Amino acid sequence: MWHLVATYLLLFAPLSIGSAPPTDRDCGHDLINLWLDVVVVVDNSIGMTQAGLTEVAAQIVTVFGGGTRIGTNNYADKRTTRVGLVTYNEVANIQADLNRFQSADDLFNSVFNILPHLSSSDEVYLAKGIAAAEQVLTAGRKNNTRSNYKQFVLIYASAYNDDGMGDPRPIAERLKTSGVNIATVAFDQTGDQDILKAIGEIASPGFNFTNTDEDLVGEVQAAMVQKTSNPKMIPANCYCSNSWHQYRDQFGVASSQKYGVCLRPVAITAGWTPAKFACQNMIQMGYMVTEYNQKKHDFVFKLIQNDTSFPEPYIYHIGLSYVNGGYYWQQPVGHALVPVNSNDSFWNPGFPQQSSTSPAVLNQQASSVISVGWQNVNQFTVAERYVCEVSSCDTENYCE
């Protein structure tokens, strides 16, 4: 009996005075739980120097040496990372496919055995290195293997050549367009700023680094998981499943900061309560959308405006309802509801109305006004479109 009372209080206790307002979750950033397919591409031409290659070997081991599960053979947890290795100069060589390294120790020993062997060539074709990385990634997806894992290419380069067939930009753009993230580390051996800049232009936004950066290991890790406040750093291991849209600081701006939240507008109408259950059954741990603040409220509205299946005037259910004397936000099943923050509420004039028969809340566009506001309605009889929400796929949340 006391257990039931305690659970009831947990679910429906009002927001205490001084409590921090609710916030949307950030992307997970636990490197132990990293789950990616990574190909490391290393320039081993004379320009890299023996010392430079040894530095690269040490850094690769450090980047993945914090407990990240390497390989797939020895872990019950599916949050694992496969690492392939390519070296290149005037030609490219695939030194390790994505299934070769099956532990952190294996990666450690192999990288130090492979990389310090400096080529005798002073010719450098980055395009060939990236093409070899593409081969490794393609082979790693054979028979639809790990198709839900994001792919990442990490390039260490000392020179840049864009003559004719040697231009690395087309293949780099093809990879990025297909969803592959590319990070570059330009090795400053000669002080040529033009070369450093050209190498960096191959990278995904914010992923261009140099070997002289103060915290290069941290930067490379942040490119994989969100460990930085840099808004241009959009981590590879934080994404949404197909048909879901990632909540960002700015709608439609791919370089704006991601949150660990995915949204999906649903164009088929339903009552609020059936819509709530639809979100819960659509995807594991799904629920109806929250609007904790003005930024989220506006982002959801822009998402709806850009969905041609939503007609004007815009009307859609959100995950807010009147429960036990107050308004609360929906959460995943088994999690406590979140009280609305009265400082961030967006009621249309005249609302909320009496709540006993109209406990559910939707967004309603006022006539001739390009904005939406909250209105409370009956939870069964008012059928409208709606928006679902779920946590992003990241190191805290594995997605099949």
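Nine helices and 17 strands make up this protein, and what you have open is a predicted model. Zoom out for a moment: the C-alpha atoms fill a box of roughly 80 × 55 × 45 Å along the principal axes. Colour by accessibility if you like; of the 400 residues, 52% count as buried. Draw the contacts between residues at least 6 apart in sequence and you'll find that 73% of them join residues at least 24 apart.

**Stop 1: the largest nonpolar core**

Select Val40, Val42, Ile60, Phe64, Phe152 and Tyr156. These are the residues with the most contacts inside the largest nonpolar core, which has 38 residues. Now show the elements that give two or more residues to this core: strands E1 (36-43), E2 (82-88), E4 and E5 (181-186), plus helices H2 (50-63), H3 (104-114) and H7 (216-224). Which element gives the largest share? That's H2, with six residues. As background, nonpolar side chains in soluble globular proteins tend to be buried together.

Stay in the core and centre on Phe64. Skipping its neighbours within four places in sequence, Phe64 is in contact with Leu34, Val38, Ile70, Thr81, Val83, Leu107 and Met224. Then hop over to a second, separate core of 26 residues; Val39, Val136, Val153 and Ile199 are among its members.

**Stop 2: H2 and its helix partners**

Hide everything except H2, H3 and H7. Two packed helices are described by the angle between their axes and the distance between the axes.

Take H2 with H7 to begin. Their axes are 10 Å apart and the packing angle is about 50 degrees. That angle falls outside the parallel, antiparallel and perpendicular ranges, so H2 and H7 are oblique to each other. Their crossing is right-handed. To see the side chains involved, select Gln59, Thr62 and Val63 in H2, which meet Leu216, Val217, Val220, Gln221 and Met224 in H7. You've seen Met224 already, as one of the contacts of Phe64.

Now swap H7 for H3. The axes of H2 and H3 come within 9 Å and cross at roughly 170 degrees. With the cut-off for roughly antiparallel at over 145 degrees, H2 is therefore roughly antiparallel to H3. On the H2 side, pick Thr54, Ala57, Ala58, Ile60 and Val61; on the H3 side, Phe108, Val111 and Phe112 meet them. Ile60 is another familiar name, being among the residues with the most contacts inside the largest core.

**Stop 3: Gln151 in E4**

Bring the strands back and select Gln151, in strand E4 (residues 150-157). Is this polar side chain buried or exposed? Gln151 counts as buried, because its relative accessibility is 11%. Look for what the side chain reaches: one of its polar atoms lies 3.4 Å from the backbone oxygen of Leu137. Beyond residues up to four places away in sequence, Gln151 touches Asp37, Leu137, Arg141, Gly179, Val180 and Asn181.

**Stop 4: His297 in H9**

Jump to His297, which lies in helix H9. His297 is buried, with a relative accessible area of 4%. Measure from its C-alpha to that of Ser119 and you should get 56 Å, for a pair 178 residues apart in sequence. For the local surroundings, show Glu291, Phe346, Asn363, Val372 and Trp374, which His297 contacts when neighbours within four places in sequence are left aside. With Val372, add a distance label: the side chain of His297 reaches the backbone oxygen of Val372 at 3.1 Å.

**Stop 5: backbone oddities in the loops**

Finish with four loop residues.

- Pro313: in the loop between helix H9 (294-305) and strand E11 (315-323). The peptide bond from Glu312 to Pro313 is cis, and omega is near -10 degrees.
- Pro352: in the loop between strand E13 (338-339) and strand E14 (360-365). The Phe351 to Pro352 peptide bond is cis as well, with omega near 5 degrees.
- Thr49: in the loop between E1 and H2. Phi of Thr49 is near 70 degrees, which is positive in a residue other than glycine. Thr49 counts as partly exposed, at 32% relative accessibility.
- Ser243: in the loop between strand E7 (238-239) and strand E8 (245-248). Phi of Ser243 is near 75 degrees, a positive value in a non-glycine residue. Ser243 counts as partly exposed, at 48% relative accessibility.

Definitions and conventions:
Residues numbered from 1 in each chain as written. Heavy atoms only, no water. Helix = DSSP H or I, 4+ residues; strand = E, 2+ residues; numbered from the N terminus. Buried < 20%, exposed > 50% of the residue type's maximum accessible area, 1.4 Å probe, protein only. Polar contact = N/O pair within 3.5 Å; in protein donor to acceptor, adjacent residues only side chain to side chain. Contact = heavy atoms within 4.5 Å. Core = buried A, V, L, I, M, F, W, Y, C linked by side-chain atoms within 4.5 Å. Axes fitted to C-alpha atoms, helices over the stretch in contact; angles between N-to-C directions. Parallel < 35°, antiparallel > 145°, perpendicular 65-115°, else oblique. Left-handed = near helix turned anticlockwise from the far one by under 90°.
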